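Reader: Could you take me on a close look at one part of this protein, the spaces enclosed by the chain and what surrounds them? I would enjoy one connected walk through it.

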Amino acid sequence: MNDKHLLFSIGNKENKKFIVLVGIHGNEKQGIVAAQRVIEKLKNHPDKINGKIYFLLGNLRALERNERFVDVDLNRIFHDSNLTKNGEHGYDYKEFQEIHRLISEKICQHHYENCVLLDLHTFSADSGIFCIPANNEKSFKLAQNFGVPFIEKLASSLPETALHYYGEKGMTSVVFEGGQHDDPKSAELIEAAIWVALKYEGLIDSEDFPFVSEMHQKLLKASENLPHHLELIYRHKLEDYHRFKMKEGYQNFKTIGKEEVLASQNGQTITSPVEGLILMPLYQEKGSDGFFIVRKKKQKTNKS
Ligand SMILES: [Zn+2]
């Protein structure tokens, strides 16, 4: 397979395919560091993999430039209607088309039900790891297994992400957000997440990779004081003409009150419409969301 988005692949049996996607945002390099560490360890045991594992690079030109995207956010254009758009619409459309061709034709061969996507990210705020399942049961179970906060209803509010696009096609699809962009700790936690997910999905065994339980402990430790099960209640979406400036001092899962002043935007004050916990407050120039608000999910025995 000759494809510039394919960083590495290993394994033989074609029963299950596991895709690790890094760098869909070009300024998020810790995922690549993590992927390379996993690749080095997997290389020692090529015959111990039950299925096939693929490591994919996202936005190549944005990665070179160390910027979130080139013309438009690649992780907001995963949609069938964008499969035929040409370069005039922006460089990033070509990246979407190439990545999609690789995933749909070469890797999954249109059998999405046998494929798992773990899409790895970091964020600009200070701390607070979490994950986001696509809107299906398999994704929900994988997300829950990490033992870190997982956010329901967020995937559906971001319909043109890789997460949601492949989740809707029947894939097990989860985003893992491993920490701040430039923090080396983020690479450690992302590496842990890859191992834990590979084991949960049956691609590897803990007998062959005994350090996986230690990796899982790292994830649990990093999120021991964070709420576990949450749901989205508000998204502060940004348009191109918005000049958004988040107030200093917010980090993931910080409690906020109703009417609390959170940011300024084109000279206006932005307050919180509801009380809750803040998620992904934007502390970088590029981004299509200013912040999200989540709340703890009430414990119920029957699923709603
Ligand atoms: Zn990202």
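How many cavities of 30 Å³ or more does a search of the whole structure find?

Author: Happy to. Please keep in mind throughout that this is a predicted model. The search of the whole structure finds 1 cavity of 30 Å³ or more, and its volume is about 280 Å³. Its lining is made up of 24 residues, and the closest to the centre of the cavity are His25, Arg68, Arg76, Glu177 and Met280. If you would like to find the spot on your screen, those five residues are a good place to start.

Next, the secondary structure around this cavity. Three strands each give two or more residues to the lining: E4 (115-123), E7 (172-180) and E14 (289-296). Of the elements, E4 gives the most, with 3 residues. Sorted by class, the lining has 9 nonpolar, 10 polar and 5 charged residues.

The wider setting of the cavity comes from the domains. The domain assignment divides the chain into domain 1, residues 6-222, and domain 2, residues 230-296. Each of these two domains supplies at least three residues to the lining of the cavity. Taken over C-alpha atoms, the centres of domain 1 and domain 2 are 25 Å apart. Their contact takes 25 residues from domain 1 and 20 residues from domain 2.

Let us move from the cavity to the largest pocket. Its volume is about 730 Å³. Of the 27 residues that line this pocket, Phe69, Leu238, Asp240, Gly287 and Ser288 are the closest to its centre. Domain 1 and domain 2 both give residues to the lining, so the pocket lies between them. By class, the pocket lining divides into 11 nonpolar, 4 polar and 12 charged residues.

Which strands should you look for around the pocket? The elements that give two or more residues to its lining are strand E8 (229-237) and strand E9. The largest share, 3 residues, comes from E9.

Strand E9 is worth following further, as it leads from the pocket into a sheet. E9, E11 and E12 form an open sheet of 3 strands in that order, with antiparallel pairing. E9, which covers residues 244-246, is an edge strand, and so is E12; each of them pairs on one side only. From one strand to the next, the twist averages 30°. As general background, the strands of a sheet pair through backbone hydrogen bonds, in either a parallel or an antiparallel way.

Within this sheet, E9 and E11 run antiparallel and are joined by 3 bridges. For a landmark here, look at Lys245, which stands opposite Ser264 in E11.

Crossing to the other pair, E11 (residues 261-265) and E12 (residues 268-271) are antiparallel too, paired over 4 bridges. Here Ala263 stands opposite Ile270 in E12. E11 and E12 make a hairpin with 2 residues between the strands, and in this hairpin Asn266 takes a positive phi near 45°.

To retrace the route on your screen, begin at the cavity, with its lining residues from both domain 1 and domain 2. Go on to the pocket that lies between these domains, and pick up E9, the source of the largest share of its lining. From E9 you can step across the sheet to E11 and then to E12, and finish at Asn266 in the hairpin.

Notes:
Residues are numbered from 1 along each chain as its sequence is written. This is a predicted model: local features need pLDDT of at least 70, side-chain atom pairs count only at pLDDT 80 or more; totals for chains, interfaces and linings use all residues. Side-chain values use heavy atoms; hydrogens and water are left out. Two strands pair if DSSP finds at least two bridges between them. Axes are lines fitted to C-alpha atoms, for helices over the stretch in contact, and angles run from 0 to 180 degrees between N-to-C directions. On a 1 Å grid over the protein atoms alone, a cavity is a set of points where a 1.4 Å probe fits but cannot get out, and a pocket is an open set with protein on both sides within 12 Å along at least five of seven lines; lining residues have an atom within 4 Å of a point. Grid points are joined across faces, edges and corners, and a volume is the space filled by probe spheres set on the points. Ala, Val, Leu, Ile, Met, Phe, Trp, Tyr, Cys and Pro count as nonpolar, Asp, Glu, Lys and Arg as charged, and the others, Gly among them, as polar. Domain bounds come from an automatic or database domain assignment. Contact means heavy atoms within 4.5 Å.
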